[in-house]
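Reader: Got a minute to walk through this one with me? Let's start with the overall layout.

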Amino acid sequence: MRLMAGSASLCLITTAAAAPPDTLPQRVAACIACHAVEERRDAYFPRIAGKPAGYLYNQLLNFRDGRRNYPMMTYMVAQLSDDYLREIADFFAAQHPVYPPATPGSGANAGAAALARGRQLVLHGDAARKIPACVSCHGAALGGVTPAIPGLLGLPSDYINAQFGAWRSGTRRAAAPDCMADIAGRLAGDDVAAVSSWLSRQAPDPAARPAAAGSLPAPLPLSCGGLTGKAAP
């Protein structure tokens, strides 16, 4: 009996010693399983490292509160508090791994006319259709703006297409007024493909970081409810 008791004690000690550390990097290991440090750049798992913390926080809230629909994400964040979600957002916002090489997607087949149209919309918009330029919100370098506007580079064209489709169908939403849903509704399908093709071909600067708040040369062209970095109503 004494030997058995000693074996049980040793087992408990060994189990305790093998327990993983209670650190935030350990807790977000489930996130990294999909949003890997060595990114795959596919249409399903976008780069979240280095995006503004307010943007990441808002997206976690949107998944938790039903404004975005992806069952795995909803399951993972459904029981997490606002404070915990903010910790997760801050953690990933501070990560800046090297961008992987571009991978072919539907944008690889875009012709010269489509790329020219995409460049026009990204850099200058389309005033006749009340479509603002992407750079007017996402920054001149398209690297995003703190606290809550994401960068647009380093994303596959198929992922960008999918997000525009989600806004157009209402399966992706943000706090009202939902400016991206408004813009997506003004874009024709060919325009979406042109924008995603042009964006996906732009090489991100490895040293780029989101621009500071207030760095945009003019006020935002649309009112956007998700730009405070706070809990959305």
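Author: Sure. The secondary structure comes to 11 helices and 0 strands. Keep in mind that this is a predicted model.

Reader: What pattern does the protein follow along the sequence?

Author: Helix after helix: α-α-α-α-α-α-α-α-α-α-α.

Reader: And how many of the residues count as buried, as a percentage?

Author: Of 233 residues, 39% count as buried.

Reader: What about contacts between residues at least 6 apart in sequence: what share join residues at least 24 apart?

Author: That share is 73%.

Reader: OK, the core. Which residues touch the most other members of the largest nonpolar core?

Author: Val122, Leu142, Phe164, Leu187, Trp198 and Leu199. The core has 23 residues.

Reader: Which helices each supply at least two residues of this core?

Author: α7 (112-123), α9 (157-169), α10 (179-186) and α11 (189-200).

Reader: Where's the other core, and what is in it?

Author: It lies apart from the largest one and has 18 residues. Leu61, Leu85, Ile88 and Ala89 are among them.

Reader: Back to Leu187. What does Leu187 touch, not counting residues up to four places away in sequence?

Author: Leu121, Arg129, Ile131, Phe164, Arg168 and Val192.

Reader: Now α11. Is α11 enclosed or open?

Author: Largely enclosed by the rest of the structure, because 9 of its 12 residues are buried. Those are Asp191, Val192, Ala194, Val195, Ser196, Ser197, Trp198, Leu199 and Ser200.

Reader: What do the buried residues of α11 pack against?

Author: They pack against α7 and α9.

Reader: How does the span of α11 look at 1.5 Å a residue?

Author: It agrees. The 12 residues should span 16 Å, and the end C-alpha atoms are 17 Å apart.

Reader: You said α7 packs there. Which residues is Gly118 in contact with, leaving aside neighbours within four places in sequence?

Author: Ala194, Val195 and Trp198. Gly118 itself is found in helix α7. The C-alpha atoms of Gly118 and Val195 are separated by 4.0 Å, although the two residues are 77 apart along the chain.

Reader: Is Gly118 buried or exposed?

Author: Buried. Its relative accessible area is 0%, and the cut-off for buried is under 20%.

Reader: Switching to α4. Is α4 mostly covered or mostly uncovered?

Author: Mostly covered, with 10 of its 13 residues buried. The buried ones are Gly54, Tyr55, Leu56, Tyr57, Asn58, Gln59, Leu60, Leu61, Asn62 and Phe63.

Reader: What covers the buried residues of α4?

Author: The cover includes α5 (71-77) and α6 (82-93).

Reader: Same span check for α4: how far apart are its end C-alpha atoms?

Author: They are 18 Å apart. That agrees with the 18 Å that 13 residues, 53-65, should span at 1.5 Å a residue.

Reader: What follows α4?

Author: Gly66, whose phi is positive, near 90°.

Reader: Last topic, pockets. How much space lies in the second largest pocket?

Author: About 270 Å³.

Reader: Which residues lie nearest its centre?

Author: Tyr99, Gly143, Gly151, Ala208 and Arg209. In full, 21 residues line this pocket.

Reader: How does that lining split by class?

Author: 13 nonpolar, 4 polar and 4 charged residues.

Notes
Residues numbered from 1 in each chain as written. Predicted model: local features only at pLDDT ≥ 70, side-chain atom pairs only at ≥ 80, totals over all residues. Heavy atoms only, no water. Core = buried A, V, L, I, M, F, W, Y, C linked by side-chain atoms within 4.5 Å. Buried < 20%, exposed > 50% of the residue type's maximum accessible area, 1.4 Å probe, protein only. Helix = DSSP H or I, 4+ residues; strand = E, 2+ residues; numbered from the N terminus. Contact = heavy atoms within 4.5 Å. Expected span 1.5 Å × (residues − 1). 1 Å grid on protein atoms, 1.4 Å probe; cavity = no way out; pocket = protein on both sides within 12 Å on 5 of 7 lines; lining within 4 Å. Points joined across faces, edges and corners; volume = space filled by probe spheres on them. Nonpolar A, V, L, I, M, F, W, Y, C, P; charged D, E, K, R; others polar.
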